[in-house]
Amino acid sequence: ELRVTGQPRPLPPKAGLALYRAAQEAVTNARKHAPGAPLTIALEFRRDDVLLRVDNGPATSTPTAGESGFGLQGMRERLELAGGELDVGKTATGWRVEARVPA
């Protein structure tokens, strides 16, 4: 499911690319660790920033030390270079990735 709220507007190139890559990585992780689970992508155009939220159902596998971290680390670094931030964690029903960039 995809939800877009607020008034869509163009973003600075770095911010737009950072959100795009964050969405790609979040969907890839959901597909890898929770195949077939519900997935919701929300894009919120707010007054001073844009928030990308990706929620997915319970994971069927847990990342191991050898395979985890680089995708999230790269996502975090790209967002920070665009002036944004990343928050990732468990929810009551699965996992959530939130990426925010100023706009």
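This report walks through a few helices, strands and loops of the structure above, which is a predicted model.

**Helix 1 and its two sides**

Let's start with helix 1, which covers residues 13–33. Its 21 residues reach 30 Å from the first C-alpha to the last, close to the 30 Å expected at 1.5 Å a residue. Which residues of helix 1 are buried? They are A15, A18, L19, A22, A23, A26, A30 and H33. Looking down the axis of helix 1, you'd find these buried residues within an arc of 135°, so they line one face of the helix. Turn to the face pointing away from that buried side, and you meet the exposed residues P13, K14 and R31.

So what covers the buried residues of helix 1? The cover includes two helix-1 followers along the chain, strand 2 (39–45) and strand 3 (49–56), as well as helix 2 (70–81) and strand 5 (95–102).

Helix 2 gets the same length check. With 12 residues at 1.5 Å each, helix 2 should span 16 Å, and its end C-alpha atoms are 16 Å apart, which agrees. After helix 2 comes G83, which has a positive phi, near 85°.

**The nonpolar core**

In soluble globular proteins, nonpolar side chains tend to be buried together. Here, the largest nonpolar core has 18 residues, and the ones touching the most other members are L19, L52, L79, A99 and V101. Helix 1, strand 2, strand 3, helix 2 and strand 5 each supply at least two residues of this core. The largest share, six residues, comes from helix 1.

A99 is a nice one to click on. Setting aside its neighbours within four places in sequence, A99 is in contact with L19, A22, V50, L51, L52, L79, E85 and L86. Two of those names, L19 and A22, are also on the list of buried residues of helix 1.

**Strands side by side**

Strand 4 (residues 85–90) and strand 5 run antiparallel, joined by six bridges. They form a hairpin, with four residues between them. If you want a pair to look for, E85 stands opposite R100 in strand 5.

Over in strand 3 sits D55. What does the side chain of D55 make a polar contact with? Its partner is the side chain of R96, at 2.7 Å. Apart from neighbours within four places in sequence, D55 is in contact with P38, L39, T40, T91, W95 and R96.

**Two alanines in loops**

Now for two loop residues. A37 lies in the loop between helix 1 and strand 2, while A59 has its place in the loop between strand 3 and helix 2. Are they buried or exposed? The table has their relative accessible areas.

| Residue | Relative accessible area | Class |
|---|---|---|
| A37 | 23% | partly exposed |
| A59 | 35% | partly exposed |

The C-alpha atoms of A37 and A59 are separated by 7.9 Å, although the two residues are 22 residues apart along the chain. A59 and M75 make another pair to try: they are 16 residues apart in sequence, and 20 Å apart in space from C-alpha to C-alpha.

Who do these alanines touch, if residues up to four places away in sequence don't count? For A37, the answer is G57 and P58. For A59, it is H33, A34 and W95. H33 has come up before, as one of the buried residues of helix 1, and W95 is also in contact with D55.

Terms used: Residues are numbered from 1 along each chain as its sequence is written. This is a predicted model: local features need pLDDT of at least 70, side-chain atom pairs count only at pLDDT 80 or more; totals for chains, interfaces and linings use all residues. Side-chain values use heavy atoms; hydrogens and water are left out. The expected span of a helix is 1.5 Å times one less than its number of residues. Buried means under 20% relative accessible area, exposed over 50%, partly exposed in between (1.4 Å probe, protein chains only). The arc is that of the directions from the helix axis to the C-beta atoms. Contact means heavy atoms within 4.5 Å. A nonpolar core is a set of buried Ala, Val, Leu, Ile, Met, Phe, Trp, Tyr and Cys residues joined through side-chain atoms within 4.5 Å. A polar contact is a pair of N or O atoms within 3.5 Å; within protein, one must be able to donate a hydrogen and the other to accept it, and residues adjacent in sequence count only if both atoms are side-chain atoms. Two strands pair if DSSP finds at least two bridges between them.
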